[in-house]
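Student: Could you take me through one part of this structure closely, namely the aromatic rings that pair with one another? I would also like to see how that part sits within the chain as a whole.

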Amino acid sequence: SNLNTLKSLKIDHNLITTNGLWDGGLGKMKSLTYLNMGWNQLTELGGKLFDPKPSNLTYLNLSHNDLNVLPMSLYEVKSLQELYLEYNNLNELKDRFGNLTNLHTINLGNNRLFELPNTMEKIKQLSGTIDLSNNLFEDRPDDLLWKLPYIKHVILSGCPLNPEGLSILQFLINGDLAVMEGDLDGAVEDYTSVLNINPYHFEAV
């Protein structure tokens, strides 16, 4: 009965490994909205960790672990609004990622991703900054992220971008520096150069 009323669970900054997890246990926490499992030693998550799904979970932090893949059951936790996956070894997000349509915040920095699933365009509530830094992107995912109108800043520093992507990056940096120095004419020139290369809505990197 205590599990049914638990709303927040913080087990971050421990030495929890995959063997220390329990399959299906989260589904018993009917009131759980906040779960922080960051800064542990997780290499994988049991296939049934989120099955049955915790139907009210809105915040999930799995950052600073050693995850290679996410369990398919996670993609069915459609109540999620914030998802933190930075500092893992993720090399792929499955197409079912698009099921998480209530997400408004996600951090994917410092993984091994080289592309984003096209189904991500369904997550229209994503807003603010999306951190893709220190991944393996060679091409900027402009076509996909252009379809997410509330994304304002995209961070791609530390990615092995191709020359076109790097030129866009440099123009954006130069434009931001010009704004900080009060050189609005210079900023307009740099930002216009970005639009001439690729007319999408990245404002900062």
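Tutor: Happily; here is the chain in outline, then the rings, and then the salt bridges and a surface patch.

A word on the basis: this is a predicted model, in which local features need pLDDT of at least 70, side-chain atom pairs count only at pLDDT 80 or more, and totals for chains, interfaces and linings use all residues. Residues are numbered from 1 along each chain as its sequence is written, and side-chain values use heavy atoms, with hydrogens and water left out.

The protein chain has four helices and seven strands, where helices (H or I, at least four residues) and strands (E, at least two) are DSSP runs numbered from the N terminus. Their order from the N terminus is α-β-β-β-β-β-β-α-β-α-α. Of its 205 residues, 45% are buried; buried means under 20% relative accessible area, exposed over 50%, and partly exposed in between, with a 1.4 Å probe and protein chains only. Among contacts with a separation of 6 or more, 51% join residues 24 or more positions apart, a contact being heavy atoms within 4.5 Å.

Now to your rings. The structure holds two aromatic pairs. Rings of Phe, Tyr and Trp (its six-membered ring) pair if their centres lie within 6.5 Å; planes under 30 degrees apart count as stacked, over 60 as edge-to-face and the rest as tilted. In one pair, Y34 and Y59 are stacked, at 4.2 Å centre to centre with 10° between the planes. This pair links distant parts of the chain, as Y34 lies in strand β2 (residues 34-36) and Y59 in strand β3 (residues 59-61), 25 residues apart. Y34 counts as partly exposed because its relative accessibility is 23%, whereas Y59, at 15%, counts as buried. Y59 also pairs with Y84, and here the rings are tilted, at 5.4 Å centre to centre and 40° between the planes. Again distant parts of the chain are linked: Y59 is in strand β3 and Y84 in strand β4 (residues 82-84), 25 residues apart. Y84 has 17% relative accessibility, so Y84 counts as buried. Ring pairs thus link Y34, Y59 and Y84 into a cluster.

Next come the charged side chains. A search of the whole structure finds four salt bridges, each defined as a side-chain nitrogen of Lys or Arg within 4 Å of a carboxyl oxygen of Asp or Glu. One of them joins E76 and R96 at 3.9 Å, N to O. That bridge also links distant parts of the chain, with E76 in the loop between β3 and β4 and R96 in the loop between β4 and β5 (105-107), 20 residues apart. E76 is partly exposed at 26% relative accessibility, and R96 is partly exposed at 42%. Another bridge has R140 and D142 with their closest N and O atoms 3.3 Å apart. Here R140 counts as buried because its relative accessibility is 11%, and D142 is buried at 3%.

Finally, the surface. I173, L177 and M180 make a nonpolar patch of about 290 Å². Patches are made of residues with over 30% relative accessible area and no salt bridge: like charges are joined within 9 Å, nonpolar side chains (Val, Leu, Ile, Met, Phe, Trp, Tyr) within 5 Å. M180 is found in helix α3 (residues 163-180) and counts as exposed because its relative accessibility is 65%.

How values were computed:
Areas by Shrake-Rupley, 256 points an atom, 1.4 Å probe, with all protein chains shown as cover.
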